[in-house]
Amino acid sequence: MDLFRNKVVCAPLAGITDKVFRSICKQHGADVLVSEMVSAEGLFYGSKATAGLLAFSETERPIGIQLFGANPDHMARAAEIVVNTVHPDFIDLNSGCPVPKVVGRNGGAALLKDIGLYKEMLRALVGAVSVPITVKIRSGWYEHQWCDIAFAQAAQECGVKALTLHPRSKTMGFSGHSYWERIALVKKELSIPVIGNGDINSAADALEMKNQTGCDSIMIGRATFGNPWIFSQIKQAFSQSPVVLPTPKERVDTALTHLEQSVSEYGEKHALGEMKKHLCWYTKGLNGASALRSHVFKAQKISELRNLLENLSLDI
């Protein structure tokens, strides 16, 4: 099975795509999952908190672990630790994250300023482990000063098996609309699969990107927030079937399931902090959602969150 062609992929999102969230996305049609961004330095120096981000269940496969960093030797060792510890289906190098604390350490999108280091990183990964290596990049550091073709070609030459392109610059962050035409240009230059990412908010968007760019697969990021159904909806659109929207009850029921699984996996204290944003996303636009939000963020116990959702569901 080709992991990277004709797939709908759940993007790696720090603080979002934990084990529970990924499992829910898988249940709703995600073909391939990717972990939260994991620090190669953290793994190299034995951080238990960093190692904890590697955990996944067998039902999540196929799954990749995404690493970030700027030291090729440490990256190679981190990849070995990942493969020996959790045996993922692939490892992805983050070369696109625009967050200052990542870029400030020469990781993420900072690699787009140094193609020599970028190549060293990829060669180190490819040489260190036997699982496929993939890479996720942006189209450049500055808007309209694109370097995506050069970096994509370099990735292919280094032995990378697939490339994900988010066609914004680092300086754009998530503002404006991504330049989908960059995906088409990169696709023309590569023989390895190209995964399109950026501004897919609906099944119609995914279909339009695939038609416009010819990309091999689609990766969904922010549109998954409170909306795991987007994966099955995209597949419905691709197969020319009617796109089915979740009912309000399904949204609330899934929010409750997510809450309970988070408590079971991480404990009440952690779940209380992490789930508040998810519950607001799940219920956005529902009757009583505005009032719910203020109560959600004031909640001090999981039981309060549970009661808020259950009461909301009765009002739908």
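I begin with one contact: the side chain of Lys7 reaches the backbone oxygen of Arg5, at 3.0 Å. The model before you is a predicted one, and this lysine is a useful place to enter it.

Lys7 is found in the segment before β1, the strand of residues 8-10. What is the surrounding of this lysine in terms of charge? Lys7 is buried yet has no salt bridge. The nearest side chain of opposite charge belongs to Asp2, at 5.9 Å; a salt bridge would require a distance within 4 Å. The contact to the backbone oxygen of Arg5 is therefore not a salt bridge, because that term is kept for carboxyl oxygens of Asp or Glu.

The preceding segment also holds Asn6, which likewise lies before β1. Asn6 is not a glycine, yet its phi is positive, at about 55°. Asn6 is exposed, with a relative accessible area of 63%. A second residue of this kind is Gln240, whose phi is near 60°, again a positive value in a residue other than glycine. Gln240 lies in the loop between α10 and α11, the latter spanning 248-266, and it counts as exposed at 75% relative accessibility.

One further backbone feature deserves mention. Arg61 and Pro62 are joined by a cis peptide bond, with omega about -5°. Pro62 is found in the loop that runs between α3 (48-52) and β3 (63-68).

I turn now to the aromatic residues. How many aromatic pairs are there? The count comes to six. One of them is formed by Trp229 and Tyr282, in an edge-to-face arrangement: the centres are 6.3 Å apart and the planes meet at 80°. This pair links distant parts of the chain, 53 residues apart: Trp229 is in the loop between β8 (217-220) and α10 (230-238), and Tyr282 is in helix α12, residues 268-283. Both Trp229 and Tyr282 are buried.

Charged groups also sit over rings. Lys113 lies over the face of Trp141, 4.3 Å from the ring centre. The charged end of Arg138 is placed over the ring of Phe174, at 5.0 Å from its centre.

Finally, the chain as a whole. Its secondary structure comes to 14 helices and eight strands. The C-alpha atoms fill a box of roughly 60 × 45 × 35 Å along the principal axes. Is the chain compact or extended? For 316 residues, a compact globule would have a radius of gyration near 20 Å, and the chain has 20 Å, so the two agree. Buried residues make up 57% of the 316.

Conventions. Residues are numbered from 1 along each chain as its sequence is written. This is a predicted model: local features need pLDDT of at least 70, side-chain atom pairs count only at pLDDT 80 or more; totals for chains, interfaces and linings use all residues. Side-chain values use heavy atoms; hydrogens and water are left out. Helices (H or I, at least four residues) and strands (E, at least two) are DSSP runs, numbered from the N terminus. Buried means under 20% relative accessible area, exposed over 50%, partly exposed in between (1.4 Å probe, protein chains only). Lys and Arg count as positive and Asp and Glu as negative; His and the chain ends are not counted. A polar contact is a pair of N or O atoms within 3.5 Å; within protein, one must be able to donate a hydrogen and the other to accept it, and residues adjacent in sequence count only if both atoms are side-chain atoms. Rings of Phe, Tyr and Trp (its six-membered ring) pair if their centres lie within 6.5 Å; planes under 30 degrees apart count as stacked, over 60 as edge-to-face and the rest as tilted. A charge sits over a ring if NZ of Lys or CZ of Arg is within 6 Å of the ring centre and within 35 degrees of the ring normal. The radius of gyration is taken over C-alpha atoms; the globule rule is 2.2 Å times the number of residues to the power 0.38.
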